[in-house]
Structure formats: C-alpha cells, structure tokens
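Open the model in your viewer and show the chain as a cartoon. Keep side chains hidden until a stop asks for them.

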Amino acid sequence: PYGEVKFSKKADSLELELYEHLANYGYVNLELLKERKKFLSKDSTFTYSVELTDKSIPFVINKTEKKATVITYYYELDDSQPANLEQTGKNRAKATVTLTRKETDFSMLAKKNRASNASFIKKTYNFRFDENSGWRIAK
C-alpha cells in the first residue's frame, strides 16, 4: 500500500523495514506524519505518507488509489544453456529454454517464490509456421 499508511512498532516492524529499504534505494518517499505512543505500552504507532517515485515506474504493473502491483522477480534467458529446438511437423516446432530468475529491489515484498527450490525454470514453447509471417508462438 501507499498513501497514508499506519505501522505498529511491534507488529509491522518488518514491513516498515521494507519500506525504509525501498526509500533508501529511492523507489518510495517516506514522510513521518504522526508518531503516537500507546498508553501504558511499549508499542508505538507511526503514520507515514508513502509515495512512489519516478524510479519505481519501470517496476509498477498496476496502480490504484491505495495499492500498487510491482514486479518482484523476472526471468531471463540463460546464456549458458542452449535452446533445444525440435521440429515436430512440417509447420510445427518446439523450443525448450532455460530461464533464470532475477530479483528486483521489490523482491522482498513477494509472498510467493521467496524460498523457491530453484533459481531457474525450464519452459517449452510451441511454434507454428505461417506463410505470411514466418514462425510464430502457437497459443
């Protein structure tokens, strides 16, 4: 979430650290609006104004008024593993490639893939030959 966000010192300490990390890298601006100590407690409540910066634009997929969806991981073609091409018919072919997972600075926000078993995936694409446009990925 971004905009005006409340953090509890005890319950939200990890989330607040994540936002401070993103602020240190320049992806968000954090501005402390209010700090309130809870009565007879060691816990405090912080209210921050969280704004996305221009540096975060390439990582934002979707943005609503209070929430933004960002890219946490992306996959790149692994140069050390060659693509396996196999023609399965006159107008059809199959390509199997190895894609390695790369992290973005937003990767710590990901709930899935945080402790994935592998840093790569094998992906198979089916191609179809068309007289007008050549080889295309079949859906």
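The tour goes from the whole chain to single residues and their contacts.

**The whole chain**

Begin with everything selected, and bear in mind that this is a predicted model. Colour by confidence: the mean pLDDT of the chain is 83, and 94% of the residues score at least 70. Among the elements, strand β8 (residues 92-103) has the highest mean pLDDT, 90, and strand β1 (residues 3-8) the lowest, 80.

Switch to colouring by secondary structure. There are 1 helix and 10 strands, and from the N terminus the order reads β-α-β-β-β-β-β-β-β-β-β. The radius of gyration is 22 Å, whereas the globule rule gives 14 Å for 139 residues, so the chain is more spread out than a compact globule. Turn the model along its principal axes: the C-alpha atoms fill a box of roughly 75 × 35 × 20 Å.

A surface view goes with two further values. The accessible surface comes to about 10,600 Å², and carbon and sulfur atoms account for 49% of that area. Of the 139 residues, 27% count as buried. As for contacts between residues at least 6 apart in sequence, 55% of them join residues at least 24 apart.

**First stop: E31 in strand β2**

Select residues 28-37, which form strand β2, and pick out E31 within that strand. Is E31 buried or exposed? Neither label applies, because its relative accessible area of 48% lies between the 20% limit for buried and the 50% limit for exposed; E31 is partly exposed.

Now show its neighbours. Leaving aside residues up to four places away in sequence, E31 touches T47, Y48 and S49. Measure from E31 to S49, C-alpha to C-alpha: the separation is 5.0 Å in space, for two residues 18 apart in sequence.

**Second stop: the aromatic rings**

From Y48, one of the contacts of E31, move on to the rings. The whole structure holds 7 aromatic pairs. One of them is F46 with Y48: the ring centres are 6.4 Å apart and the planes meet at 40°, so this pair is tilted. F46 is buried, at 12% relative accessibility, and Y48 is buried too, with a relative accessible area of 12%.

Add F7 and Y19 to the selection. Together with F46 and Y48 they make a cluster linked by ring pairs.

**Third stop: T53 and Y27**

Go next to the loop between β3 (44-52) and β4 (60-63), where T53 is found. What is the relative accessible area of T53? The value is 15%, so T53 is buried. Its contacts, not counting residues up to four places away in sequence, are G26, Y27, V28 and N29.

Keep Y27 on screen and show K55. K55 lies over the face of Y27, at 4.9 Å from the ring centre.

**Fourth stop: S107 and Y73**

Select the loop between β8 and β9 (120-130), which holds S107. S107 has 9% relative accessibility and therefore counts as buried. Which residues does S107 touch, not counting those up to four places away in sequence? They are T72 and Y73.

Y73 leads to a second ring with a charge over its face. Show R101: its charged end sits over the ring of Y73, 4.7 Å from the centre.

**Last stop: L109 and E15**

Stay in the loop between β8 and β9 and select L109. L109 is partly exposed, with a relative accessible area of 32%. Draw a C-alpha to C-alpha distance from L109 to I71: 9.6 Å in space, with the two positions 38 residues apart in sequence numbering.

Finish at helix α1 (residues 13-24), in which E15 lies. E15 is partly exposed, at 31% relative accessible area. How far apart are the C-alpha atoms of E15 and M108? They are separated by 9.6 Å, although the two residues are 93 apart along the chain.

Definitions and conventions: Residues numbered from 1 in each chain as written. Heavy atoms only, no water. Helix = DSSP H or I, 4+ residues; strand = E, 2+ residues; numbered from the N terminus. Buried < 20%, exposed > 50% of the residue type's maximum accessible area, 1.4 Å probe, protein only. Contact = heavy atoms within 4.5 Å. pLDDT = per-residue confidence, 0-100. Phe/Tyr/Trp six-rings, centres within 6.5 Å; stacked < 30°, edge-to-face > 60°. Lys NZ or Arg CZ within 6 Å of the ring centre and 35° of its normal. Rg over C-alpha atoms; globule rule 2.2 N^0.38 Å. Areas by Shrake-Rupley, 256 points an atom, 1.4 Å probe, with all protein chains shown as cover.
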